[in-house]
Amino acid sequence: MILITLSFLRDYERLAVFKEAIDEFAISNLDKDLDCSNSNGDINSDDDKKLDCSLAYDLGCGSGVLSYLASDYFDKIISIEQNRSIFKCANKNLKSFDNIEAINQNVLDFDFENYPKADLIICEMLDTALIDEEEVPILNHSKKYLKENGKIIPQGIINSAEPVFMNIDYLQYEDDEYQPIYEILGKSVIYSEFEFLDDIDEDFSCIIEFEIDDKYSDKKTDASFEVDDRCSDKTDYFNKSNDKIKVNGIKLTSFTKLNENIICGPTPMLNPAMLVPFEEIEVNNGDKIRIRLSYVMGGGVETIKTEVLDV
Ligand SMILES: C[S@@+](CC[C@H](N)C(=O)[O-])C[C@H]1O[C@@H](n2cnc3c(N)ncnc32)[C@H](O)[C@@H]1O
């Protein structure tokens, strides 16, 4: 029986979509004649349910819960976790599974060459826009150890942005604990999309054009929020002065593409939306503004830069 922590009990949505994607992978690959020629001979199974000579990696396995969800389908799963105390938890959770090997190591130091190529890489080092976790560098490094038709779960990510006026001047995730007050001031723009099987440049930069439209402010995060102590008084918050509209940030929202069929928006445990400030500007309804957004994927939130280019 796998140990489930309290946070994982709250993590139903995230685990449900990963389970579905892993199940779908197994169903659609069960009858395929997979190439075993690279096998080092360690990978054998009599179990009909398992893919022929199949290998999966779970990179950054955390508690091991995704390895557990995949354990019915593969001859071997290699579950790698660099954090010592998290690894201990994974090791305890996974030790009764004969087909799972838990390894306490940085994925970047792992010797993939010693193993056959894999059918599947599961890598859930996700966070909003892939900035603060190492999903992209880890996959850029490890996807060459996939079989020709191998897959990655999740398969990719779609990032969108909305212009906002918010009551903070620092970066903030919108999670259970902190609910900044903000007003959405324009239509959501998809500004990047990545497929993890592609080579991805970790240095990301783009220019996002928004059309300011205060009708979206009706759909804003409204005053039903509990206000964080650090927030200013709601009553002097909103927004118009002299018929101008103040804009001072963007809200980034990531949608995780588990596979071709499953796209998951933010959940409490997966990619909560992020509010990123920029210098305050005053605009008219209908104005277009252009914002440069740049960051390093896997480089941490301190790499995020915003610049107002023109109004
Ligand atoms: C968001 S957690 C996900 C845990 C797990 N996959 C799950 O679904 O519950 C990401 C995990 O990746 C681990 N990690 C981050 N960078 C790593 C690296 N370079 N090598 C190995 N593990 C890493 C972290 O310690 C963390 O436990």
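## Close-up views of a predicted model

**View 1. Asp214 is placed in the loop between strand E10 and strand E11.** Strand E10 spans residues 203-211, and strand E11 spans residues 245-257. The structure shown is a predicted model. The relative accessibility of Asp214 is 19%, so this residue counts as buried, the limit being under 20%. Asp214 is 50 residues away from Val164 in sequence, and their C-alpha atoms are 9.9 Å apart in space.

**View 2. The ligand is surrounded by 19 residues.** Of these, Arg14, Gly60, Glu81, Asn106 and Val107 come nearest. The shell consists of eight nonpolar, six polar and five charged residues. The space that the ligand takes is the largest pocket.

**View 3. Side chains of Arg14, Glu81 and Glu134 approach polar atoms of the ligand.** In the side chain of Arg14, an N or O atom is 2.7 Å from an oxygen atom of the ligand. Glu81 places a polar side-chain atom 2.6 Å from an oxygen atom of the ligand. For Glu134, the partner is a nitrogen atom of the ligand, which lies 3.0 Å from a polar side-chain atom of this residue. On its own, the ligand has 590 Å² of accessible area, and the protein covers 87% of that area.

**View 4. Val65 belongs to helix H3.** This helix comprises residues 65-70. Is Val65 buried or exposed? Val65 counts as buried because its relative accessibility is 7%, and the term applies under 20%. Along the sequence, Val65 and Asn93 are 28 residues apart, while the distance between their C-alpha atoms is 8.2 Å.

**View 5. The peptide bond from Ile153 to Pro154 is cis.** Its omega angle is near 0°. For comparison, most peptide bonds are trans. Pro154 is found in the loop that connects strand E5 (146-153) and strand E6 (156-166).

**View 6. Leu130 and Asn271 each have a positive phi.** Most residues other than glycine have a negative phi. Leu130, which is not a glycine, has a phi of about 60°. This residue lies in the loop between strand E4 (118-123) and helix H5 (135-142). Leu130 is buried because its relative accessible area is 0%. Asn271, also not a glycine, has a phi of about 55°. The loop that holds Asn271 runs between strand E12 (263-264) and strand E13 (274-283). With a relative accessible area of 3%, Asn271 is therefore classed as buried.

**View 7. Gln105 is located in the loop between strand E3 and strand E4.** Strand E3 covers residues 100-104. Why is Gln105 described as partly exposed? The relative accessible area of Gln105 is 27%, which means that the residue falls between the limits of 20% for buried and 50% for exposed. Gln105 and Ser79 are separated by 26 residues in sequence and by 9.7 Å in space, from C-alpha to C-alpha.

**View 8. Gly298 is found in the loop between strand E14 and strand E15.** Strand E14 extends over residues 288-296, and strand E15 over residues 305-310. Gly298 is partly exposed, with a relative accessible area of 27%. Which distance separates the C-alpha atoms of Gly298 and Ile131? The separation is 5.0 Å, although Gly298 and Ile131 are 167 residues apart along the chain.

Conventions:
Residues are numbered from 1 along each chain as its sequence is written. This is a predicted model: local features need pLDDT of at least 70, side-chain atom pairs count only at pLDDT 80 or more; totals for chains, interfaces and linings use all residues. Side-chain values use heavy atoms; hydrogens and water are left out. A residue is near a molecule or strand if one of its heavy atoms lies within 4 Å of it. A polar contact is a pair of N or O atoms within 3.5 Å; within protein, one must be able to donate a hydrogen and the other to accept it, and residues adjacent in sequence count only if both atoms are side-chain atoms. Accessible areas come from the Shrake-Rupley method with a 1.4 Å probe; for residues, only the protein chains shown count as cover. On a 1 Å grid over the protein atoms alone, a cavity is a set of points where a 1.4 Å probe fits but cannot get out, and a pocket is an open set with protein on both sides within 12 Å along at least five of seven lines; lining residues have an atom within 4 Å of a point. A molecule sits in a cavity or pocket if more than half of its atoms lie within 2 Å of its grid points. Ala, Val, Leu, Ile, Met, Phe, Trp, Tyr, Cys and Pro count as nonpolar, Asp, Glu, Lys and Arg as charged, and the others, Gly among them, as polar. Helices (H or I, at least four residues) and strands (E, at least two) are DSSP runs, numbered from the N terminus. Buried means under 20% relative accessible area, exposed over 50%, partly exposed in between (1.4 Å probe, protein chains only).
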